[in-house]
Amino acid sequence: MFSQFFGTFLLENGKLDEEQFDSCMEYIKANHVKLGLIAENEGLLTREQADELNRLQMHSDTRFGDLAIEKGYLTESDVDFLLSQQSKPYLIFVQALEEQDFMNADEIKEAFSEFQQAKGFSDEAFEALKNGDIESVLPTYIETDIPEYYELIALSLRNIVRFVSRYIRIEKASFVSSLSAKYIALQRTNGDYDGFLGFASDDDGILAIADGYAKEIFPDVDEDALDSVAEFTNCINGLHAAELSYKDVSIDMLPPELLFDATIEDEHTFCILPVYVENQKSNLIVMIDK
C-alpha cells in the first residue's frame, strides 16, 4: 500500500522510471510473507489451523491475529512476536530501492520529506501510511462531518486489500449529486438510514476489482465482470450491516444493480473516491443519507 502512494510520487517527480517502479513491485511481491505462514514455520499453528483462519476471514472483518486469539490458537504475545517478524510495508519498499541501487538512504529520506509535504500529511498520518494503516490517512483525502462515511470507506478499503489486492492507493475524494460512467456495479441499502455502495469506471480499470475478487481473468467488462464487482459490494455491505447491528442500527441490502452507460443521481450528495488497484483506476462511490 505504501509502495503505491510513495512509488507513484517518485514516478511523477522523475525520481523513478516505470521500469524501476515495476522492479520494486516485483521485489515486494517476492518478499511478502503472510502471518499464517510465519506462524506455521514457527510451529505455532498447523496448516489446518492456518487454513481455517483464512476461511473465517472471508466472513468476518477481523484480522488474522485477532481471529487466532479468539479461537485459542495463539496468545497475544504470540501475535506480537509474529508481527515483529513481518517487515513493515515502507521498509520493504525502502529495501527494494536501496538493494537495486535506485536511490540511496539520504535520497529516500529527502523524498520522504517532499512526499509528506506535497500530500499534506501530518506526522501521525504519515507514520500511519508507512505502517499500512490507511484508515488513519482517510481524513487527509475525505472531508465530511458524517463519521459513517469514514467507517464504510475504511471497511471497503480493508476488504480490497484482503480480497482483491494489497497494491492500492487513493486520491482526493469529492462529493457530488450525480455521476455518469460507462460501467457501474452498485448496491443500495435501506433501513435506519438509506445509502449505496459501488464501483464505477469509464474504462476497463474496474476489471482489476472483478479479476482480483473472482480470482479469474475477465477479458472484457461484461455482465459477468460487473457481477463479480457486485458480489464484492455485497460482501462489504454484509460486513457493514453486521457491524451496525452491534450498535442497534439496522439496514437491509437490496439486489445489486449492474449499469452500463448510466447516470446515478440523488437529492443528497455522495462521495466519489478514486481508488487505484494494481495501478488501475476505479471510483468507489458511497452515499449515506443520515
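# A tour from strand β3 outward

Select L197: at 0% relative accessibility, this residue counts as buried. L197 is found in strand β3. Keep in mind throughout that this is a predicted model.

**Stop 1: around L197**

Show what surrounds L197. Leaving aside neighbours within four places in sequence, L197 is in contact with S156, A185, L186, Q187, T233, I236, N237, L284, I285 and V286. Now pick T233 from that set. L197 and T233 are 36 residues apart in sequence, yet 6.6 Å apart in space, C-alpha to C-alpha.

**Stop 2: S201, in the strand that holds L197**

Stay on β3, which runs over residues 194-201, and select S201. Is S201 buried or exposed? S201 is buried, with a relative accessible area of 4%. Look at the side chain next. A polar atom of the S201 side chain lies 2.8 Å from the backbone oxygen of D203. Then widen the selection. Not counting residues up to four places away in sequence, S201 touches A181, K182, Y183, I206, K281 and S282.

**Stop 3: zoom out to the whole chain**

Colour by secondary structure. How many helices and strands are there in the chain? There are 13 helices and six strands. Rotate the C-alpha trace: along its principal axes, the trace spans about 50 × 50 × 40 Å. The chain has a radius of gyration of 20 Å, which agrees with the value near 19 Å that a compact globule of 290 residues would have.

Switch on the surface. The accessible surface of the chain comes to about 14,300 Å², and 44% of that belongs to carbon and sulfur atoms. Beneath it, buried residues make up 47% of the 290 residues. Contacts reach far along the sequence, too. Among those between residues at least 6 apart in sequence, 67% join residues at least 24 apart.

**Stop 4: helix α1**

Select residues 2-12, which form helix α1. Nine of the 11 residues of α1 are buried, so this helix is largely enclosed by the rest of the structure. Which residues of α1 are buried? They are F2, S3, Q4, F5, F6, G7, T8, F9 and L10.

Now add the cover. What covers the buried residues of α1 includes α2 (18-31), α7 (89-99), α8 (105-119), α9 (123-130), α10 (138-141) and β1 (168-170). Step off the end of the helix to G14. Just after α1, G14 takes a positive phi of about 70°.

**Stop 5: the nonpolar cores**

In soluble globular proteins, nonpolar side chains tend to be buried together. Here the largest nonpolar core has 89 residues. Within this core, F6, F93, I153 and L157 touch the most other members. Which helix gives the most to this core? Helix α13 (residues 223-245) does, with 10 residues.

Return to F6 and show its contacts. Not counting residues up to four places away in sequence, F6 touches F93, L97, I108, A111, F112 and F115. Apart from the largest core lies another core, of 11 residues. To find that second core, select A39, L45, L67 and A68, which are among its members.

**Stop 6: the cysteines**

Display the cysteine side chains. How many disulfides does the structure hold? The structure holds zero disulfides. Go to C271. C271 is in no disulfide, and the nearest cysteine sulfur, that of C235, is 20 Å away. At 0% relative accessibility, C271 counts as buried. Select C24 as well: C24 also counts as buried, at 0% relative accessibility.

**Stop 7: two backbone oddities**

Most residues other than glycine have a negative phi. Select D261, in strand β5 (residues 257-277). D261 has a positive phi of about 50°, although it is not a glycine. Is D261 buried or exposed? At 65% relative accessibility, D261 counts as exposed.

Move along to E278, which lies in the loop between β5 and β6 (280-289). Phi of E278 is near 50°, a positive value in a residue other than glycine. E278 is partly exposed, with a relative accessible area of 38%.

Terms used
Residues numbered from 1 in each chain as written. Predicted model: local features only at pLDDT ≥ 70, side-chain atom pairs only at ≥ 80, totals over all residues. Heavy atoms only, no water. Core = buried A, V, L, I, M, F, W, Y, C linked by side-chain atoms within 4.5 Å. Buried < 20%, exposed > 50% of the residue type's maximum accessible area, 1.4 Å probe, protein only. Helix = DSSP H or I, 4+ residues; strand = E, 2+ residues; numbered from the N terminus. Contact = heavy atoms within 4.5 Å. Disulfide = S-S within 2.5 Å. Rg over C-alpha atoms; globule rule 2.2 N^0.38 Å. Areas by Shrake-Rupley, 256 points an atom, 1.4 Å probe, with all protein chains shown as cover. Polar contact = N/O pair within 3.5 Å; in protein donor to acceptor, adjacent residues only side chain to side chain.
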